[in-house]
Amino acid sequence: MGEHTAVPRLTITQDNQFFFAAAREGRLEIQRCTDCGALRHPPGPACPVCRSFAWDTVVASGRAVLHSWTVLYHPKDPAFDYPLAVGLADLEEGIRLVADIAGVDHDRLEVGLPLRVGFSEHAHGEILPQLRPRDPKEHTR
């Protein structure tokens with residue numbers, strides 16, 4: 001997939017390596033400050049709340065609701081199927097995640113749509129989070 005793509009390869013750093021490694025194993029891990037407990041995404045070297053450099057990770061439930069989205073038609077890149085929906089989702093842990101949306105007609109997208117995070121292969125063979133409709137029977141906390 002994506003052999004002739006313009007999509008750049010992932011930039012892996014010591015601050016985000018855990019995120020991509022977990023995604024390859026089907027887990028959504030979020031960075032947490034071990035001093036104040038604040039969650040942060042995308043990952044970074046210092047806590048935006050207390051400025052601590054100490055952190056660990058927590059495994060997120062994957063349950064979310066759609067906060068906003070856009071549907072892309074251009075420019076078309078062979079790494080993606082178009083039209084491509086990209087969403088901003090509120091995870092139940094209190095942070096937001098940007099990811100492709102799959103498994104739902106674009107005209108059925110609406111703010112508050114229950115979603116779950118799955119994983120899908122993207123350009124260059126990377127495994128990244130993907131937003132999918134949540135089973136209505138799946139309950140939230």
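Strands here are DSSP runs of E with at least two residues, helices are runs of H or I with at least four, and both are numbered from the N terminus. The model is predicted: local features need pLDDT of at least 70, side-chain atom pairs count only at pLDDT 80 or more, and totals for chains, interfaces and linings use all residues. Residues are numbered from 1 along each chain as its sequence is written, and side-chain values use heavy atoms, without hydrogens and water.

**Exercise 1.** Describe the largest pocket and its lining.

*Solution.*
- Define the pocket. On a 1 Å grid over the protein atoms alone, a pocket is an open set of points where a 1.4 Å probe fits, with protein on both sides within 12 Å along at least five of seven lines; lining residues have an atom within 4 Å of a point.
- Take the volume, the space filled by probe spheres set on the points. It is about 540 Å³.
- Find the centre. Of 22 lining residues, Leu10, Phe20, Val98, Leu128 and Pro129 are closest to it.
- Assign elements. α1 (17-24), β6 (96-101) and β8 (127-133) each give two or more residues. β6 gives the most, with 5.

**Exercise 2.** Which strands supply at least two residues each to the lining of the second largest pocket?

*Solution.*
- Start with volume: about 270 Å³.
- Locate the centre. Among 16 lining residues, the closest are Phe80, Asp81, Leu84, Asp100 and Gln130.
- Name the strands: β5 (84-91), β6 and β7 (114-121).

**Exercise 3.** Describe the span 58-119.

*Solution.*
- Read the record. An unreviewed UniProt entry annotates residues 58-119 as "domain: ChsH2 C-terminal OB-fold"; such annotations may be inferred rather than shown by experiment.
- Check the model. The span is 0% helix and 52% strand, and its end C-alpha atoms lie 17 Å apart.
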